[in-house]
Amino acid sequence: MKVSILALDGVFDTGLATVQDVFSTANELAGMLDLDVARFDVSVVGMRRKVHTSQGLRVPVVSADEGGAADWMVVPAIGDKMPDALQTALKRRDVADAAQALRQHASRGGRVAAACIGTFVLAESALLDDQKATTTWWLASLFRQRYPEVRLDESRMLVSSGAFVTAGAALSHIDMALLLVRQASPELAALVAKYLIVDSRPSQSAYVITDHLSHSDPTVERFERWARGRLTDGFSLDEAAAAAGTSKRTLARRMHQVLGKSPLSYFQDLRVERAVHMLKTSDRSLEQIAELVGYADGVTLRSLLRQRIGRSVRDLRAST
C-alpha cells in the first residue's frame, strides 16, 4: 500500500508523528513476526517546499507530483484549533492548492483519509459533499455551517463513506491510521494497537464538553441552563422554548444548526453526561442514578449509555 501524508504548513505535530509511527510500527512488526503483508510505502508530501509544524519543526517533504500515485492520501490536522484562527487558515493559498490536489487524487481513483481539523481541508475540496463524515467535536458547529452538504455525525470517532475516511479529534489520527493498516491485515492492525496500547474508541461522545458547544450560541446556552435544572422532571418543548426566549421552531432550528440535533436529543445527552459523572464519583446503584436523571429504570439507562458513548456501566465504574 502506497500512502502519501499531506503535510500543510502548521501541521499538528502529534497528528503527523502519530500517523507515521503507526505505519512504521506496522512495517517493523510485519517483518519481525514474518507476516505475509506488503510493506507500507509512506511519503510525506507538501504543497510548498518548506513546511513547518505548528511547533516550528521543519518537515522534510516532497511535492505531491514527486510522491507519485498513492493508494491513500492522508490529511493530518493543521494546528489552528479554534474557529477564528481556523477560518483564517482555510483561506490560505496552500490550502486551496491542497484541495485541488485531493480532487486530482480522487479523480484517479485514489482514496483519502483525514483526521481532526484535516477534515476541514478535505471538505474544502467538496469531495465530502453528500458523504457521511465526522470531525473534531468542538468544531462540529462550524463544520456544519461551512459544509451543509456533508452528512456530519460528530459523535463517531471514525466514519468510512465511499472512498473517504474521516476521523474525530486529535488522537483519532491513531484510529484512522490503524483503519488503513486493517485494510491490509486485520491481524497486523490488532498487533500494532497492542504495541501502542490503543483501546477501541468508537465514539467521541465520552470526551465531549457540552458546555463548550452550547456556549457558542445564546439561544442554545439558555436552553442548556434550563435543561440542566430539569433532568429529573422530564422534557417539555413548550417550556424549553419559553425558557430560551424563542419559538419552538426557532429553538429546533438553532439546535440543529449549532449541535446537529434536536432539543430532546441534547436533553438526553445531558442526562447521560450527569449519569456518567455519578457512576464515576459516587457509589449509588444504577437504579438510583436512573431515577435521578429522569429514567424509569436502570435497564433503560444502561442501554442508553451503551448507545450514546459505547461503554458499559462496568467500564465507567472501572475508569474512576
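How many positive and negative side chains does the chain have, and how far apart do the centres of the two sets lie? In this predicted model, the chain has 40 positive and 37 negative side chains, and the centres of these two sets are 3 Å apart.

**Figure 1. Overall view of the predicted chain, with its 15 helices and 11 strands.** The radius of gyration is 21 Å, which is close to the 20 Å expected from the globule rule for 320 residues, so the chain is as compact as a globular protein of that length. Taken along the principal axes, the box filled by the C-alpha atoms is roughly 60 × 45 × 35 Å. Of the 320 residues in the chain, 49% are buried, and among the contacts with a separation of 6 or more, 66% are between residues 24 or more positions apart. The chain exposes about 15,100 Å², of which carbon and sulfur atoms supply 49%.

**Figure 2. Close-up of the aromatic pair formed by Trp137 and Trp138.** A search of the whole structure finds 11 aromatic pairs, and one of them joins Trp137 and Trp138, with 5.6 Å from centre to centre and 85° between the planes. The pair is edge-to-face because this angle is over the 60 degrees that serves as the limit for that class. Trp137 has a relative accessibility of 8% and counts as buried, while Trp138, with a relative accessible area of 18%, is buried as well, since the limit for that class is under 20%.

**Figure 3. Close-up of Phe223 and Trp226 in helix H9.** The ring centres of Phe223 and Trp226 are 5.8 Å apart and their planes are at 35°, so this pair is classed as tilted. Both residues lie in helix H9, which spans residues 218-228, and the 3 residues that separate them along the chain correspond to about one turn of the helix. Phe223 and Trp226 are both buried, and they belong, together with Phe235, Tyr266 and Phe267, to one aromatic cluster.

**Figure 4. Close-up of Thr25 and Asn27 in helix H1.** Helix H1 spans residues 13-32 and includes Asn27, and Thr25 also has its place in this helix. Thr25 is buried, with a relative accessible area of 14%, and, when residues up to four places away in sequence are not counted, Thr25 touches Val192 and Leu196. Asn27, for its part, has a relative accessibility of 10% and therefore counts as buried. Once its neighbours within four places in sequence are left aside, Asn27 is in contact with Arg39 and Phe40.

**Figure 5. Close-up of Glu187 in helix H7, shown with Leu35.** Glu187 has its place in helix H7, which spans residues 186-195. The relative accessibility of Glu187 is 51%, and this residue counts as exposed because the limit for that class is over 50%. Glu187 and Leu35 are 152 residues apart along the chain, yet their C-alpha atoms are separated by 9.0 Å.

Notes. Residues are numbered from 1 along each chain as its sequence is written. This is a predicted model: local features need pLDDT of at least 70, side-chain atom pairs count only at pLDDT 80 or more; totals for chains, interfaces and linings use all residues. Side-chain values use heavy atoms; hydrogens and water are left out. Helices (H or I, at least four residues) and strands (E, at least two) are DSSP runs, numbered from the N terminus. The radius of gyration is taken over C-alpha atoms; the globule rule is 2.2 Å times the number of residues to the power 0.38. Buried means under 20% relative accessible area, exposed over 50%, partly exposed in between (1.4 Å probe, protein chains only). Contact means heavy atoms within 4.5 Å. Accessible areas come from the Shrake-Rupley method with a 1.4 Å probe; for residues, only the protein chains shown count as cover. Lys and Arg count as positive and Asp and Glu as negative; His and the chain ends are not counted. The place of a charge is taken as NZ of Lys, CZ of Arg, CG of Asp or CD of Glu. Rings of Phe, Tyr and Trp (its six-membered ring) pair if their centres lie within 6.5 Å; planes under 30 degrees apart count as stacked, over 60 as edge-to-face and the rest as tilted.
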